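Reader: Could you take me through some features of this model? Please begin with the terms you rely on.

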Amino acid sequence: MAEKRWRDPLVFAGKRPWLLFYTLITALVSYAALLIHSGDVLTDMETYITHTEHFFNDFRLKGRFGLSLTKKLFSTDVYIPAASIWFTCAAMAAACLFIDFAVAETARPEKRGKLEPFYYIFNGLFISCAILIKQFYFSYQAFEVAFAFLLGGMSAFFTLQWARGPKKQGETVRKLGQL
């Protein structure tokens with residue numbers, strides 16, 4: 001029965017409220033403070049913000065279908081700075097927590113209890129990485145990039161689970177359905 005607590009990412013995060021709080025605060029401090037207090041933060045071209053239809057057509061022609069699809073899916077095609085910051089922080093926190101869950105799920109059972117410090121260190125380093133913060137200066141696509149991190153982590157984890165064999169394949173489909 002103790003093994004059951006590792007099976008669901010939401011249960012994993014719910015059992016670690018301090019990790020959830022730490023991750024969200026780190027994301028808010030790293031991205032929101034930087035984006036709010038920087039004077040030259042918008043690297044986005046003004047035409048992308050004011051003429052969104054041109055933006056979608058331009059990126060579709062360049063083969064950036066994921067960006068266009070995510071903007072349409074979450075209705076973020078109109079630029080609202082506060083919403084962009086909150087969506088980015090939430091997506092980065094969700095990506096970190098899911099990667100923590102994936103590490104816990106793939107670790108040997110005797111090592112799982114020793115991973116708690118790793119979660120805090122990884123989340124702090126991943127969220128506050130200078131390269132990612134500079135990437136999010138392109139604030140018009142920041143949420144979509146953070147959401148792609150979440151999807152990338154999920155796809156790597158579920159591919160690993162699927163590759164572990166036929167016994168794990170049914171469980172993988174069930175987990176994917178839960179999410």
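Author: Helices are DSSP runs of H or I with at least four residues, and strands are runs of E with at least two, numbered from the N terminus. This is a predicted model, in which local features need pLDDT of at least 70 and side-chain atom pairs count only at pLDDT 80 or more, while totals for chains, interfaces and linings use all residues. Residues are numbered from 1 along each chain as its sequence is written, and side-chain values use heavy atoms, without hydrogens and water.

Reader: Which helices each supply at least two residues of the lining of the largest pocket?

Author: Helix 1 (9-14), helix 6 and helix 9 (142-163) do so. A pocket here is an open set of points on a 1 Å grid over the protein atoms alone, where a 1.4 Å probe fits, with protein on both sides within 12 Å along at least five of seven lines; lining residues have an atom within 4 Å of a point.

Reader: Which lining residues lie nearest its centre?

Author: P9, L10, A94, F98 and L150 lie nearest the centre, out of 11 lining residues. The lining has 11 nonpolar residues, no polar and no charged ones, where nonpolar means Ala, Val, Leu, Ile, Met, Phe, Trp, Tyr, Cys and Pro, charged means Asp, Glu, Lys and Arg, and polar means the others, Gly among them.

Reader: Turning to helix 6 and helix 7, what is the handedness of the crossing?

Author: Helix 6 passes helix 7 in a right-handed crossing, that is, the near helix is turned clockwise from the far one by less than a right angle.
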